[in-house]
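Q: Could you take me through the terms used for this model, setting each value against its definition?

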Amino acid sequence: MRKRPIATNDPHIQALAGIVGETAILYRKEDLIAYDCDGFTVHRHLPKAVVFPNSTEEVAAIVNYCHKHDLPFLARGAGTGLSGGAIPLNGEVVISLTRMKRLLHVDLENRRAVVEPGFVNLKLTNSVAHRGYYYAPDPSSQYCCTIGGNVAENAGGAHCLKYGVTTNHILGLEVVLPTGEVIEIGGNGVPDPPGYDLLGLLTGSEGTLGIVTKITVRLLKNPEAKQTVLAYFNEVEDASQTVSDIISAGIVPAALEMMDQTAIEAVEAAAFPVGHPKDIAALLLIEVDGISAGIDEQINDILTICRRHRVREVKVAQSEEERARWWANRKTGFGAMGAISPDYLVQDGVIPRSRLPEVLREIAAISRRYGLRIANIFHAGDGNLHPLVLFDASKPGETERALAAGSECLKACAAVGGSITGEHGVGIEKKEEMRFIFTDEEILAQTALRDVFNPKNLLNPGKLFPTPGRCVETKQAPLPVK
Ligand SMILES: Cc1cc2nc3c(=O)[nH]c(=O)nc-3n(C[C@H](O)[C@H](O)[C@H](O)COP(=O)(O)OP(=O)(O)OC[C@H]3O[C@@H](n4cnc5c(N)ncnc54)[C@H](O)[C@@H]3O)c2cc1C
């Protein structure tokens, strides 16, 4: 950041610059534009300022100042969130954690590491891989998203089917509360500490309960062996049934991913094509790992199940290089949509796996009803769907149609007993859809909890819960007595 003297009479900007230094604050419109949205680009709002603290003390001082002066504020990691969680809806002060990016401690004896929140996910695995360890949660954005953002969203990833999502890998947090106090939760290795499960509560709270400034994570030993299968199907139903049968056979793959024809068209047109046939209806990417003994047997069982469901072609990766190419192709799937559509909206529903065929049929019907293409690229093993609604924002009304189509996809997930988000969070994108799965009373119980941590609702306001007035939420709404 270029050093420019503070050229504003705004006392808040001057005070914030006094905390972080004048080279660690942005406040001019031309600088703020880069922070007007995250990965959910449909809504854009300028922040009041963006500050780049270097330490927990600076974060606490900023929060204290905002709390005292009733300034709304929010935390931001890499800004890859897909539900609008880091969008400054109300002209918030954005607290960017990207300068707090140190790996503080690695303790392989106890299989853990301590990182600052701006530490990039993939860097952790890269830092310990040479010693035979890795960090399991692997969102497809892992090359740039931060572990602080992962904690806030309880991020998942392709390999979370077997190993669990972020919450299963967080051992401790240091948190600046919205009132400016700093607290530490867990981190000392005690497996079931007394009191409430604050680690569980904070993880996935979408930056509404506190700002995470230090994270103790679990590290895993690299599996002894790994094998990866790619299976092509002429019918989506056959691919879906294969997913169901693999899991019900008692096999727990490390990853079980699916792409449909539109998604395949996109990844083949983008940066890492691998030559998937374009006329197949769906493909599965299946990985098993663990101790060497038994891996071949699992692969054979998987191949048998694929063949039982009329697989057109199935192959096992013959080298680490081939496996890496298949994964690069899959992991760039969202961005690849840019190769076939000017704009796209990523949805994130969850369904019971057994309902996959009917929900995919319903998504196809929604696509026809709205006249918009919908690609599906998703973590099939855990029933975590990602319908990608393709649209052109420059065409009048098309953005609104895309949003409505996305909302209907989530309604279809909720209708079969699923949920409106598996890993991307609610943010502003799905807050009205919270009503698909929660009653007013259930939403009130959650907002009451938020108000305990965030009493003035200054930290990331307007996120996660339906707009007041449309639900029964009011600032100090009492919980109903049953
Ligand atoms: C191409 C692509 C692929 C993706 N694939 C996946 C995937 O496979 N799985 C998955 O789960 N997600 C995925 N995502 C979504 C996104 O990367 C994750 O939600 C990620 O966890 C966000 O991290 P971030 O650092 O970018 O956070 P941001 O987007 O900056 O912030 C996200 C939320 O976290 C809050 N926050 C950030 N830092 C902190 C902090 N230190 N303390 C408190 N709150 C904080 C923010 O206020 C905001 O509400 C993908 C996104 C893209 C663009």
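**Terms and values in a predicted model**

Q: Why is Val-416 called buried?
A: A residue is called buried under 20% relative accessible area, exposed over 50% and partly exposed in between, with a 1.4 Å probe and protein chains only; Val-416 has a relative accessible area of 12%, so Val-416 is buried. Its place is in the loop between helix 14 (398-415) and helix 15 (440-453), where helices (H or I, at least four residues) and strands (E, at least two) are DSSP runs numbered from the N terminus. The C-alpha atoms of Val-416 and Glu-174 are separated by 38 Å, and the two residues are 242 residues apart along the chain.

Q: What should a reader know about the model and its numbering?
A: This is a predicted model, in which local features need pLDDT of at least 70 and side-chain atom pairs count only at pLDDT 80 or more, while totals for chains, interfaces and linings use all residues. Residues are numbered from 1 along each chain as its sequence is written, and side-chain values use heavy atoms, with hydrogens and water left out.

Q: How many aromatic pairs are there, and what makes Tyr-35 and Phe-52 one with an edge-to-face arrangement?
A: Rings of Phe, Tyr and Trp (its six-membered ring) pair if their centres lie within 6.5 Å, and planes under 30 degrees apart count as stacked, over 60 as edge-to-face and the rest as tilted; by this rule there are two aromatic pairs. The ring centres of Tyr-35 and Phe-52 are 6.2 Å apart and their planes stand at 75 degrees, so this pair is edge-to-face. Because Tyr-35 lies in the loop between helix 2 (29-32) and strand 2 (49-51), and Phe-52 in the loop between strand 2 and helix 3 (56-68), the pair ties together parts that are 17 residues apart in sequence. Tyr-35 is buried, at a relative accessible area of 16%, and Phe-52 also counts as buried, at 6%.

Q: Why is the pair of Tyr-134 and Tyr-163 called edge-to-face?
A: The ring centres of Tyr-134 and Tyr-163 are 6.3 Å apart and their planes stand at 90 degrees, so the pair is edge-to-face. This pair links distant parts of the chain, with Tyr-134 in strand 7 (residues 133-134) and Tyr-163 in helix 6 (residues 160-163), 29 residues apart. Tyr-134 is buried, with a relative accessible area of 14%, whereas Tyr-163, at 23% relative accessibility, counts as partly exposed. Tyr-134 and Arg-218 are 84 residues apart in sequence, and their C-alpha atoms are 9.0 Å apart in space.

Q: How do you know that Lys-221 lies over the face of Tyr-133?
A: A charge sits over a ring if NZ of Lys or CZ of Arg is within 6 Å of the ring centre and within 35 degrees of the ring normal; Lys-221 lies over the face of Tyr-133, at 4.8 Å from the ring centre.

Q: How many disulfides are there, and why is Cys-409 not bonded to Cys-413?
A: A disulfide is a pair of cysteine sulfur atoms within 2.5 Å, and by this rule the count is zero. For Cys-37, which is in no disulfide, the nearest cysteine sulfur is that of Cys-144, 14 Å away. The sulfur of Cys-409 is 7.1 Å from the closest cysteine sulfur, in Cys-413, and is therefore too far for a bond. Cys-37 counts as buried at 9% relative accessibility, and so does Cys-409 at 0%.

Q: Which residues come nearest to the ligand, and which of its atoms does Gly-77 approach?
A: A residue is near a molecule or strand if one of its heavy atoms lies within 4 Å of it; of the 34 residues around the ligand, Ala-75, Gly-77, Thr-80, Ser-141 and Thr-146 come nearest. A backbone N or O atom of Gly-77 lies 2.7 Å from an oxygen atom of the ligand, and a side-chain N or O atom of Asn-150 is 2.9 Å from an oxygen atom of the ligand. The largest share of the shell around the ligand, five residues, comes from helix 5.

Terms used:
Polar contact = N/O pair within 3.5 Å; in protein donor to acceptor, adjacent residues only side chain to side chain.
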